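User: I've got this one open and would like to go through it with you. Can we begin with the sheet and then move around?

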Amino acid sequence: MSLKSRSVMVVGAGIAGIQASLDLAEMGLDVHLVEESATIGGRMPQLDKTFPTNDCSMCILAPKMSECARHPNITIHIKSSVAEVTGNPGDFTAKIVEHAKYVDPVKCVACGLCEEKCPVKVDDEFDMGLRKRGAISRSFLQSIPSEYTIDEERCLYLTKGVCRICEKVCPAGAINYEDKDIEIELNVGSVILASGIDTFNPIGFGHFGYKRYPNVVTSLDFERMLSASGPFGGHVVRASDNIEPKSIAFIQCVGSRDESIDHNYCSSACCMFAIKEAIIAKEHMKGLDSSIFYMDIRAFGKDFDKYYEKAKGQYGVQFIKSKVSEIRELENGSLSLRHVLENGKIEFTEFDMVVLSVGLQPRENITKLAKKLDIKLNEFGFCRSDTFEPLKTSREGIYVCGAMNGPRDIPESVTTASGAVAEAVKYLRLDRQEIIEKKIPEKDIVGDRPRVGTFVCHCGINIAGVVDVKDVAEYAKDLPNVEHSEDLMYACSQDCMNTIKQRIEEHDLNRIVIAACTPRTHEPLFRDMVSEAGLNPYLFEMANIRDQCSWAHMNEPELATEKSKDLMNMGVAKARELAPLERLPIEINPKALVIGAGLAGMTAAEALADAGHEVFLIEKEAELGGNLRNIYFAFDKDPQELLAEKIKNVTKNKLIQLYKSTQIEKIDGYVGNFITTLKTEKDEQTLEHGIVIIATGAEEHKTKEYLYGKSSRIITQVEFEEMLHTQQFPKQKMKNIVMIQCVGSREEDKMYCSRVCCTKAVKNALTFKKRFPNINIYVAYRDIRTYGFREKYYTELRDLGTMFVHYDLDKKPEVTLVEEWNPDSQLNVTVFDPIIDKEIEVKADLLVLATAIDAKKENIDLGRMLKVSLNTDGMFLEAHVKLRPVDFATDGVFVAGLAHTPKDMDESMTQAKAAASRALTFLNKKAILAEGTICEVNDNRCTGCGYCEQICAYNAIEVDLEKEIAIVNEALCKGCGACVASCRCGALDLRGFSNEQLFSAFDALDMVDILGD
């Protein structure tokens, strides 16, 4: 088979499709991104905030959307569908249909006049029918592409031959009623499916009154109500009387975990979705009473339990373990909830509003798409994939990511997207890329007086709801050297960035200041935009008036506005002193280092080798496999077969150099040029490589609770699985087995869910129950967290007669020996059962503890070597919880598997492939450009004292003993400024943040004596 194609088709342009496209494009491949709607972005733009950081959803997504639209290797096909895919992997022929838009995208200037004058007004699907749109419209203000399209089913001219008003009022002459569907044929090597997910429509659930009672809304309806860019501008009111609610109930599992509608799966994201909405609602409406009615709180992701506890403790959200059976509307529009408590007691509680936490289900058109692509669906209608090959469809060469093969949240969708890329590149030709020269020559501004342009972003009402944005823009006009000042609705949107580029040209601007969101997410985007306008990207300054003004002073709008003016004044003062900076090239060594040869490490090494790169795979133990060596069951699969296959693949692959019983002594260097020192029993060795993947795993928590270690009848779930495998059970006849969940996790100082414990307990109990159906199993649990399709196994175990007893943290089970003097005695396990409202005692023949997953202690040393952070639980901290879940803030270093956070086998493999994919975006380049904001040394002032060398966290400075001056390694320097602040001689300065620039900014600030002295 000839693998010559350098093109990939990605179907679906939500966050997963965008991430997959960007990864592929960064490897130098050509991407065709096919999207049925008129914009990229998918579901994420509809969300107000994202948990657990409460970041504005569009604020973190918009830079990704813009990057995708501007990337030269990505072709976006909006309003397009796949007709068929024929051929074989490496040589597919894909036919897509670009449907008529009836608007010329080149001519359209997105002025909005057409929609304003359109006589047809229909429910806006993006705003969940809470607002009207025209028959000609665009999805939302920040949509990409930004041009308008005509809804041919609603347009009066296209349906009845009358109107044409939009054509008459369009100043650009962009309306084209003669537009036709176009069929396009693409030659692609691989296909990645990322068509997303739909929310469950609860209209059929009459007992909840959705669409009958105006104050009953879905979670997605409520999301649009909360959104600053939504139909109500973030001000939540009841539909019945436009009064702000004083109490809101959230009802979980509407359309999920329900066998009656063939939805016997958990939608995974809904619990956290509701908790987030309850928190945000309480921030919007002071004194609001928020209550969540739930069966199990499934906060199984990284830091999710901390967020859950924050909702209970800091925000006072009430969590009621109860099933709501009926909602009735009262005369005043409020709602009475009939619900059953755990003990069977029926209660009626009144709320002003009810939010139905609707589940997630397959896209409506997935069956048609599956037929066109000849792929199979699973029993729930999602794309079928294998447990041990979670990114593959039933057709070779076609891969799946995002929520198309199962409900999942944003970071998991992003992870699966990058993982699918690692699979897809097997059938593509990867050539290492040179640094691409700029198409637009950079203007020489040396000697020119500063001509500053200032732009202030509304961000809907995210900023403008507190800060008087127009007043700030007017204020900036009178600042020295400001040639142009303007306020923009969404500065990061494509049309607004085009406006900024036009203003740079029109006013000959040579410095740009944008007052908007955080530089953490938006600075790279705006720098690229400035570069596209012909300016050096470092002639840009950003004022963060969202985090530091509108968010910090949301109840003080006048002071927030004044502070915004101060930040703008400081930004302009600094901008006047900005100078062009040069980014130096860094050569990339194409070899990779993978630390840890468990499931994640072996998977990552295999993926990198498949892409043609040499890999050093380091394992501290004498055997490969890590924790996988202790796993023997996976419902219908054999993990030991997977282990044997992985070991075979990595040991026989000529591109993988395996180092067992090897310790890492030291890691020096930087992205593209790492040097690692290894130590074995015999000798030391150094390796040179371009990237690092951390896959060091985790370990089982060593507990002393529940008499563990004092009786042979008390074991952990890991030990129980070994017992099931060897079939070496206690010699005494068994009648009762008790399992206790959450041993050592979800408690103070270890406030996280170990994620796999519930599934492991269910798996082991099912395996045992099928062999010994007459032995009773009791499971004492806090929340059963069998998320996704794992729910069906939980249902199966219940149907087999297993007893589940819920306990709270303040009423833990108690364990005693029946015969205190006998360590092999039976056990008395006492637990309070809320259903019968009293304690029950079980005489157990075996007690199985689901102990936590702990981070490894050596993470601390490894983190220091690589300059990467750990969270408070000792696990490695990713660069961004939502959009960079496998990257670190340190370039060229990635994380996978249990080293990141507890996860199951399929999730570890997916994240390992994702880490490999992200690594390939570096390894497939011959060189990258370093940052320009780096330290420089004034040789005349430097005394060579070496203090800067001691303080530098990145080993970027060392003293030349012969010259007695400090020398900066520009590739290593991260521009943190620690050395500059500590230099006693004032010999160090930071480019882009020089003393002159900072002093100018400080001098511009009108210091107010707040103490009155």
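User: What's the strand order in the open sheet of seven strands?

Analyst: This is a predicted model. The open sheet runs β15-β21-β16-β17-β18-β19-β20, and its pairing is mixed.

User: Which strands stand at the edges?

Analyst: β15 (216-218) and β20 do. Each has a single partner strand, so one side of each is left without a neighbour in the sheet.

User: And what does the twist average from one strand to the next?

Analyst: The average is 40°.

User: In what sense do β17 and β18 pair, and over how many bridges?

Analyst: They pair in the parallel sense, over four bridges, with β18 covering residues 318-329. Within that strand, I320 is the bridge partner of F293.

User: Moving to aromatics. How many aromatic pairs in the whole structure?

Analyst: The search finds 26. One of them is Y265 with F382, an edge-to-face pair at 5.5 Å centre to centre and 85° between the planes.

User: Where do Y265 and F382 lie?

Analyst: Both are in loops: Y265 between β16 (247-254) and α7 (270-284), F382 between α9 (366-373) and β23 (398-400). The two parts are 117 residues apart in sequence, so the pair ties them together.

User: Is Y265 buried or exposed?

Analyst: Buried, at 0% relative accessibility. F382 is also buried, at 0%.

User: F293 came up in the sheet. Which residue does F293 form an aromatic pair with?

Analyst: F351. The pair is edge-to-face, 5.9 Å centre to centre with 85° between the planes. F293 sits in strand β17 (residues 289-294) and F351 in strand β20 (residues 346-351), so this pair links distant parts of the chain, 58 residues apart.

User: How buried are those rings, by relative accessible area?

Analyst: F293 is buried with a relative accessible area of 1%, and F351 counts as buried at 3%.

User: Which residues do ring pairs link into a cluster?

Analyst: Y265, F380, F382 and F789.

User: What lies over the face of Y308?

Analyst: K312, at 4.4 Å from the ring centre. Elsewhere, the charged end of K811 sits over the ring of F832, 4.1 Å from the centre of that ring.

User: Cysteines next. How many disulfides?

Analyst: Zero, counting cysteine sulfur pairs within 2.5 Å.

User: Why is C68 without a bond?

Analyst: Because the closest cysteine sulfur, in C401, is 13 Å from the sulfur of C68, which is too far for a bond. C68 is buried, with a relative accessible area of 0%.

User: And C742, what's the nearest cysteine sulfur there?

Analyst: That of C758, 5.9 Å away, and C742 is in no disulfide. C742 counts as buried at 10% relative accessibility.

User: Different topic: where does D495 lie?

Analyst: In helix α12, which covers residues 494-506. D495 is buried, with a relative accessible area of 17%.

User: What is D495 in contact with, leaving aside neighbours within four places in sequence?

Analyst: A110, R138, L141 and S146.

User: Now the backbone. Which residues does the cis bond to P52 join, and what's omega?

Analyst: The cis peptide bond joins F51 and P52, with omega about 0°. P52 is placed in the loop between β3 (49-50) and β4 (55-56). Another cis bond runs from I144 to P145, with omega near 0°. P145 is found in the loop between β10 (136-137) and β11 (149-150).

User: What about phi at N54?

Analyst: N54 has a positive phi of about 60°, although N54 is not a glycine. The residue is in the loop between β3 and β4. N54 is buried, with a relative accessible area of 12%.

User: And phi at N955?

Analyst: Positive, about 55°, and N955 is not a glycine. N955 is in the loop between α23 (947-951) and β49 (957-960).

User: How accessible is N955?

Analyst: N955 has 45% relative accessibility and counts as partly exposed. By contrast, N54 is buried at 12%.

How values were computed:
Residues numbered from 1 in each chain as written. Predicted model: local features only at pLDDT ≥ 70, side-chain atom pairs only at ≥ 80, totals over all residues. Heavy atoms only, no water. Buried < 20%, exposed > 50% of the residue type's maximum accessible area, 1.4 Å probe, protein only. Contact = heavy atoms within 4.5 Å. Phe/Tyr/Trp six-rings, centres within 6.5 Å; stacked < 30°, edge-to-face > 60°. Lys NZ or Arg CZ within 6 Å of the ring centre and 35° of its normal. Pairing = 2+ DSSP bridges. Axes fitted to C-alpha atoms, helices over the stretch in contact; angles between N-to-C directions.
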